[in-house]
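I opened my notebook today to look around a protein model, one small stop at a time. Come along and check each entry against the picture.

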Amino acid sequence: MIRKGFKVFSYVLAFTALSSTFIGCNKKGNTVAENSVVDPSKLEESPVSGYTKILVDESIYPIAEDVNTVFMYEYNRVKVDLLKLSEAEVLNQLLNDSIRIAIMSRELNADEIERFKGRVVPKMTHFATDAIVFVTNKAYNDSVIDYDLVLKNLQSKSANASDKTILVFDDINSSIVRSFKEKTKVEKFPTDYAYYAGDTEKALEYVSKNPNAIGIIGLNWLTQPSERISKVIDEVKVLGVKNYTDGKFYKASQNNIAEGTYPLTRKLYVVDNQGKSGLGVGFASFIAGYKGQRIILKSSLVPFKIPPRELNVRDEI
């Protein structure tokens, strides 16, 4: 598996050869010399300059971090700090106007949009499709999972059962928990069989040490692991998931997500409540544009739009 540091470096290296045109601005039009030291916080905010903070759903943090690394490299008058939080915390800060840009695994609903009435119309930019995956210790007996059957078995077992399966989530307030509840129509998971580790890295560490644990996490953490969990990932395996439409089991591959055969997917969005042409517009334009979509494609998620392949054709002499 290619490790995260190398992948980020490869993104930056690849993009140095590309032009930096984007929403009418480029580096050639920059009034600041390339080698000058610029403090973005002192600059007036625009789509390609200034400083801002962006809230990020913890379960999709790796892809946000990768895109942001290249975004700031491309536009050296930009500084963006990413704040990694659970979905509930992201929504709370967004709705209370603490921070006005967020990267989430869903759109705002009608009630949430109503909170901004009279102030601003939220802009929501779909940029990728992610998957929710099941991971287990390598000692786990099965290679596939029928999650409806697992939930029924958990609800019927005694709390003192020595062979109990434990469902391991990142955080009780996470988008993973919300999405899985919506998919399974379960309002509350059995208390004795659900463990909330605190974040994705801790969930993976727990699964790597417990043969009866099934971790439920975002795919992006497996394809772009942090240094902390790179070794942990070698100790876990990803299960195939039953599609209840055709009864078959599918792994969360890029192809299966794109074709809709993998059953647990979710769309990713940049939500911008700035109400002006600021860095929210710039970041959303970048991640949904050619360069951002190339990063999504390389991350093993599914881009909103598939970037065209570039072919170098040379005449034979």
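My entries below go from the overall picture to single helices, strands and residues.

**Ground rules**

I am looking at a predicted model, where local features need pLDDT of at least 70, side-chain atom pairs count only at pLDDT 80 or more, and totals for chains, interfaces and linings use all residues. I count residues from 1 along each chain as its sequence is written, and side-chain values use heavy atoms, with hydrogens and water left out.

**Entry 1: the overall picture**

I looked up the helices and strands, and the protein has 12 helices and 13 strands. These are DSSP runs numbered from the N terminus, with helices (H or I) of at least four residues and strands (E) of at least two. I then checked burial: 51% of the 317 residues count as buried. My note on the term: buried is under 20% relative accessible area, exposed is over 50%, and partly exposed is in between, using a 1.4 Å probe and protein chains only. For contacts, I took heavy atoms within 4.5 Å. Among contacts with a separation of 6 or more, 77% link residues 24 or more positions apart.

**Entry 2: strand E1 and its partners**

I picked strand E1, residues 50-57, and found six of its eight residues buried. Which strands does E1 pair with? Strand E2 (residues 78-85) runs parallel to E1 and is joined to it by eight bridges. Strand E3 (residues 101-104) also pairs with E1 in the parallel sense, over two bridges. Two strands count as a pair if DSSP finds at least two bridges between them. I noted one partner on each side: Val56 is bridged to Lys84 in E2, and Leu55 to Ala102 in E3. A reminder I wrote in the margin: strands of a sheet pair through backbone hydrogen bonds, either parallel or antiparallel.

**Entry 3: helix H2 against helix H12**

I moved on to helix H2 (residues 61-74) and helix H12 (residues 290-298), which pack at an angle of about 145° with axes 10 Å apart. The axes are lines fitted to C-alpha atoms over the stretch in contact, and angles run from 0 to 180 degrees between N-to-C directions. Which residues meet here? From H2 I listed Ile63, Asp66, Val67, Val70 and Glu74, and from H12 Lys291, Ile295 and Ile296.

I looked closer at Glu74, which lies in helix H2. Is Glu74 buried or exposed? Glu74 counts as buried because its relative accessible area is 2%. Its C-alpha is 9.2 Å from that of Val48, although the two are 26 residues apart in sequence.

**Entry 4: a covered helix**

Helix H11 (residues 279-288) caught my eye, with nine of its 10 residues buried. Among them are Leu279, Val281, Phe283, Phe286 and Ile287.

**Entry 5: a three-strand sheet**

I found an open sheet of three strands in the order E5-E10-E11, with mixed pairing. Its edge strands are E5 (144-145) and E11 (249-250), each pairing on one side only. E5 and strand E10 (residues 240-242) run parallel, joined by two bridges. In this pair, Ile145 stands opposite Val241 of E10.

**Entry 6: two positive phi values**

Before checking phi, I copied a general rule: most residues other than glycine have a negative phi, and most peptide bonds are trans. Asp97 has a positive phi, near 70°, and is not a glycine. I located Asp97 in the loop between helix H3 (87-95) and E3. Ser300 is not a glycine either, and its phi is positive at about 80°. Ser300 sits in the loop between H12 and strand E13 (302-303). I recorded Asp97 as partly exposed, at 27% relative accessibility. Ser300 is partly exposed too, with a relative accessible area of 27%.

**Entry 7: Thr200 and Ser253**

My last stops were single residues. Thr200 is in helix H7 (residues 200-209). Thr200 counts as buried because its relative accessibility is 0%. Leaving out residues up to four places away in sequence, I found Thr200 touching Glu58, Ser59, Asp170, Ile217 and Trp221.

Ser253 lies in the loop between E11 and helix H10 (254-259). Ser253 counts as partly exposed because its relative accessible area is 28%. Its C-alpha atom is 9.4 Å from that of Leu219, and the two residues are 34 apart along the chain.
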